[in-house]
Amino acid sequence: MRILTLGDIVGSDTVGYLKKKLPSLQMQEKIDLTVANGENVTDIRGISALDAREILDAGVDLITLGNHAFGMRDIGDFLDANPQRIIRPANYPAAAPGSGYTVLNVGGWRLLCISISGRAFLDPLACPFETLDKILARESGAYDVSLLDIHGEATSEKMAISYDFDGKIQIMFGTHTHVPTADERILPRGSGYITDLGMCGPTDGIIGTEASDIIRRFRTQLPTKFHVARGPLCAMGAIFDLDESSKRVRSVKRVTF
């Protein structure tokens, strides 16, 4: 099984870019499932129901979210109505709309897909470690392999989660920083991992935002409206290749297209 994971999608123009470019990559790489983080697609700070539908129409099978999950008012109903197509971090309070995980059938495999948010420099949600312990115990026997989007600011926290769940969750990748890391690898107990996938979006700004907006914020420390950067687009992510017999990750390969 080959799973394509894509970093945070920034801006609605990037969705059009994915519609053009994604199908050929999926065919070339023989992808069985595509997962993308979509929390920055609408005005950088959230995802609308309309943009969520557009991402799915572009060929993404599952959307994961993060600390901007509820930035747009209409996404709650969409989360509740589509629990197998879009998930928010599982460590949000239970009263929050949607679900933090889902089980998908991929080529006859039951794939447990989880979204979790780190807490370092982010919102003080429930402990990600304890939340994952509970999900894995609750779903024990109901899945064959598992996948985790670790949406976090601190690389150390993402790596700590990956080492703690090495061998328990087969595929683990980080999102949120919009900058790809060069540490894709197989961990000691067999899980595939990369600290951050990067982003899908404009390359001329600062992490997808107009550079002047970010510079103004740093120089003045005043509230600043952020605008999606202009210029060339690209998509960043990684492909996880799993062995059919052992259900272990054989390789992790970064991709940019």
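**Exercise 1. The second largest pocket**

Task: Find which helix gives the most to the lining of the second largest pocket, then describe that lining.

Solution. The structure is a predicted model.

Step 1. Helix α4, residues 128-138, gives the most to the lining of the second largest pocket, with five residues.

Step 2. The residues that line this pocket are Ala90, Gly100, Tyr101, Ala126, Cys127, Glu130, Thr131, Lys134, Ile135 and Arg138.

Step 3. Sorted by class, this lining has five nonpolar, two polar and three charged residues.

Step 4. The volume of the second largest pocket is about 160 Å³.

**Exercise 2. The largest pocket**

Task: State the volume of the largest pocket, and say which of its lining residues lie nearest its centre.

Solution.

Step 1. The volume of the largest pocket is about 510 Å³.

Step 2. Its lining consists of 18 residues, and Arg45, His68, His176, Ile207 and Phe226 are the ones nearest the centre.

Step 3. The classes in this lining are seven nonpolar, seven polar and four charged residues.

**Exercise 3. The open sheet and its edges**

Task: Give the order of the strands in the six-stranded open sheet, and explain why one side of β6 and of β10 is left without a neighbour.

Solution.

Step 1. The strand order is β6-β7-β8-β9-β11-β10, and the pairing in this open sheet is mixed.

Step 2. β6 (101-106) and β10 (185-186) are the edge strands; each has a single partner strand, so one side of each has no neighbour in the sheet.

Step 3. Helix α4 packs on the sheet, where it touches β6, β7 and β8. The direction of α4 makes about 160 degrees with that of β7.

Step 4. Take the pairing of β6 with β7: the two strands run antiparallel and are joined by six bridges. Within this pair, Val103 stands opposite Leu112 of β7.

Step 5. β6 and β7 form a hairpin with two residues between them. Gly107, in the turn, has a positive phi of about 60 degrees.

Step 6. On to β7 and β8: strand β8 covers residues 145-151, and the two strands pair in the parallel sense over seven bridges. The bridge partner of Leu111 in β8 is Val145, and Ile116 stands opposite Ile150 in that strand.

**Exercise 4. Two residues of strand β7**

Task: Decide whether Ile116 and Leu112 are buried or exposed, and list what each touches beyond its sequence neighbours.

Solution.

Step 1. Ile116 lies in strand β7, residues 109-117, and Leu112 lies in strand β7 as well.

Step 2. The cut-off for buried is under 20% relative accessible area. Ile116 has 0% relative accessibility and therefore counts as buried. Leu112 also has 0% relative accessibility, so Leu112 counts as buried.

Step 3. For the strand as a whole, eight of the nine residues of β7 are buried, and β7 is mostly covered.

Step 4. Leaving out neighbours within four places in sequence, Ile116 is in contact with Pro89, Ala90, Asn91, Pro128, Thr131, Leu132, Leu148, Asp149, Ile150 and His151.

Step 5. With residues up to four places away again not counted, Leu112 touches Tyr101, Thr102, Val103, Ile135, Leu136, Glu139, Tyr143, Val145, Ser146 and Leu147.

Step 6. Two C-alpha distances complete the description. Ile116 and Ile150 are 34 residues apart along the chain, and their C-alpha atoms are separated by 5.3 Å. Leu112 and Asn37 are 75 residues apart in sequence, with 16 Å between their C-alpha atoms.

**Exercise 5. Strand β1**

Task: Explain why strand β1 is described as largely enclosed, and identify the strands it pairs with.

Solution.

Step 1. Strand β1 covers residues 2-6, and five of its five residues are buried, so β1 is largely enclosed by the rest of the structure.

Step 2. Consider the two faces in turn. Arg2, Leu4 and Leu6 are buried on one side, Ile3 and Thr5 are buried on the other, and both faces are thus covered.

Step 3. β1 runs antiparallel to strand β13 (residues 233-242), and five bridges join them. Ile239 in β13 is the bridge partner of Leu4.

Step 4. β1 also pairs with strand β3 (residues 33-37), in the parallel sense, over four bridges. Ala36 in β3 is the bridge partner of Leu6.

Conventions: Residues numbered from 1 in each chain as written. Predicted model: local features only at pLDDT ≥ 70, side-chain atom pairs only at ≥ 80, totals over all residues. Heavy atoms only, no water. 1 Å grid on protein atoms, 1.4 Å probe; cavity = no way out; pocket = protein on both sides within 12 Å on 5 of 7 lines; lining within 4 Å. Points joined across faces, edges and corners; volume = space filled by probe spheres on them. Nonpolar A, V, L, I, M, F, W, Y, C, P; charged D, E, K, R; others polar. Buried < 20%, exposed > 50% of the residue type's maximum accessible area, 1.4 Å probe, protein only. Contact = heavy atoms within 4.5 Å. Pairing = 2+ DSSP bridges. Axes fitted to C-alpha atoms, helices over the stretch in contact; angles between N-to-C directions.
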